[in-house]
Amino acid sequence: MPTVSAATARRVALAAQGFADPRPSGRPTRKHLQKALSRVQLLQLDSVNVAVRAHYMPLFARLGAYDQDLVDEAAWSHSARRPRLLVEYWAHEASLIPAADWPLFRWRMRRYEQRYARHLAPIRERSPGLVEDVLATVRAQGPIAAGALEAALGGAVPKVKGGWWNRSDVKHVCEYLFGVGELTTGTRRSFQRHYDLPERVLPADVLAQAPDDEECARRLTLRAALAHGIGTEKDLRDYYRLQPAQSKQAVAELVEEGLLEAVAVEGWRAPAYRHPAVRVPREVRGRALLCPFDPLIWERDRALRLFDFHYRIEIYVPEPKRVHGYYVFPFLLDGELVARVDLKADRATGTLRVQGSFAEEGADATRVAGELAEELRLMAAWQGLDRVWVGERGDLATSLRNAV
């Protein structure tokens, strides 16, 4: 088994995620978007909007200031000239995935159908025919939000909430049908999902594909390996949240066929697997702010192995117990994670607020502060904010305030 140094593994991972590519010199285009998506494979969705929606930020980290309409158009609209590139489904979590990859999640759709049957039983008892009524209404009126569906169905649906995420019966049915692949997201408005039929969203040749569970796992594992460059079986499994048994079988088969190479990485306890198409850049230059849901760092144990960077999201930690802040962005500089900042977009005052700023041990605070200040100004302008404000919390605060 070949041995790979920890530094080489880090550069491979950064290159696989697109950080060895220079940012576009001009205004990023749809082609730049497609290239970045070919690296990361998916964009995680999240409802937190304290700084910027999670699915926009990984592209800013790789492309710089781009027009967010590129993503909105790719995900939630379609025309003959500019066909839809992305569709929503449960991938890592709720995610935007390439439309062509939707059939690779039929294994999860089949599992959802079995898993949520018991949740649906009391709803079917209270409202016989509700599932069919929801589908018929979406067919007639979609794309349509769950609230509008409830209004359209009128008094036919009992007003029952509580339990299972405190959702109404109609919302439960919509999410069930989304999970099993009978509904998808036609569009979003104010980040609210509007449901539609898959046949009105996805091409017929995509819908016609029905790979079995094993084939889905193999192809998703290869995509995860391409996105990681190099990773343990657990790393690869986590990218699309595969089941342990199906992931281990897929990795073993792919190694046997020569589609993955088993390697040892210095300092890693578990064996690693390398995609044959990986690049090994001599160095990685440049800077980027990474949101908590960036695929480079979302698996926290992997971030620790790659960068010696201990990172935890503290949204659900009571404020007095937070170490770094509510919504903390690690800062990548020349291939190392050198700092972290707690950011908030104060849109009322046009200010990007740095509520805490912290340098990693051994980092050159003066240089880090200068580079970070430039990236924060770029992020503020991209968000339509007029200035950057730096608070007093953190050991980098004084240097960063001076640089800003």
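The following exchange between a trainee and a mentor works through helix packing, salt bridges and residue surroundings in a predicted model.

Trainee: How are helices H6 and H9 oriented to each other: parallel, antiparallel, perpendicular or oblique?
Mentor: Two packed helices are described by the angle between their axes and the distance between the axes. Here the axes of H6 (residues 117–126) and H9 (residues 169–179) come within 11 Å and cross at roughly 130°. That angle lies outside 65 to 115 degrees and is not over 145, so H6 and H9 are oblique to each other.

Trainee: Which residues of H9 are met by H6, and how does the contact divide by residue class?
Mentor: H6 passes H9 in a left-handed crossing. From H6, the residues taking part are Leu120, Ile123 and Arg126, and they meet Asp169, His172, Val173 and Tyr176 in H9. The residues of this contact divide into 4 nonpolar, 1 polar and 2 charged.

Trainee: How many residues separate Arg287 and Glu371, whose side chains meet in a salt bridge?
Mentor: Side chains of opposite charge can pair when their charged atoms come close. For Arg287 and Glu371 the N to O distance is 2.7 Å. The pair links distant parts of the chain, with Arg287 in strand S10 (residues 287–289) and Glu371 in helix H15 (residues 365–382), and the separation is 84 residues.

Trainee: Are Arg287 and Glu371 buried, partly exposed or exposed?
Mentor: Buried would require a relative accessible area under 20%, and exposed one over 50%. Arg287 has a relative accessible area of 26%, and Glu371 has one of 23%. Both values fall in between, so Arg287 and Glu371 are each partly exposed.

Trainee: In the salt bridge of Asp342 and Arg393, which residue is buried?
Mentor: The side chains of Asp342 and Arg393 meet at 3.1 Å, N to O, and the pair joins strand S12 (residues 336–346), which holds Asp342, to the loop between strand S14 (387–390) and helix H16 (397–403), which holds Arg393, 51 residues apart. Arg393 has a relative accessible area of 35% and is therefore partly exposed. With 3% relative accessibility, under the 20% limit, the buried residue is Asp342.

Trainee: Which helix holds both Glu374 and Arg377?
Mentor: The side chains of Glu374 and Arg377 meet in a salt bridge of 2.6 Å, N to O. Glu374 counts as partly exposed at 37% relative accessibility, as does Arg377 at 31%. The two residues are 3 residues apart, about one turn of the helix, and both lie in helix H15.

Trainee: How many salt bridges are counted, and which residues are linked in a network of them?
Mentor: The count comes to 32 salt bridges. The residues linked in a network of salt bridges are Glu88, Lys171, Glu175, Arg188 and Arg193.

Trainee: Is Gln44 buried or exposed, and what is it in contact with?
Mentor: Gln44 is found in strand S2 (residues 43–44), and its relative accessibility of 6% means that Gln44 counts as buried. Leaving aside neighbours within four places in sequence, Gln44 is in contact with Ala54, His55, His92, Glu93, Ala94, Ser95, Phe293 and Trp298.

Trainee: How far apart in space are Gln141 and Asp301?
Mentor: Gln141 lies in helix H7 (residues 130–141) and, at 47% relative accessibility, counts as partly exposed. Gln141 and Asp301 are 160 residues apart in sequence, and their C-alpha to C-alpha distance in space is 45 Å.

Conventions: Residues numbered from 1 in each chain as written. Predicted model: local features only at pLDDT ≥ 70, side-chain atom pairs only at ≥ 80, totals over all residues. Heavy atoms only, no water. Helix = DSSP H or I, 4+ residues; strand = E, 2+ residues; numbered from the N terminus. Buried < 20%, exposed > 50% of the residue type's maximum accessible area, 1.4 Å probe, protein only. Axes fitted to C-alpha atoms, helices over the stretch in contact; angles between N-to-C directions. Parallel < 35°, antiparallel > 145°, perpendicular 65-115°, else oblique. Left-handed = near helix turned anticlockwise from the far one by under 90°. Contact = heavy atoms within 4.5 Å. Nonpolar A, V, L, I, M, F, W, Y, C, P; charged D, E, K, R; others polar. Salt bridge = Lys/Arg side-chain N within 4 Å of Asp/Glu carboxyl O.
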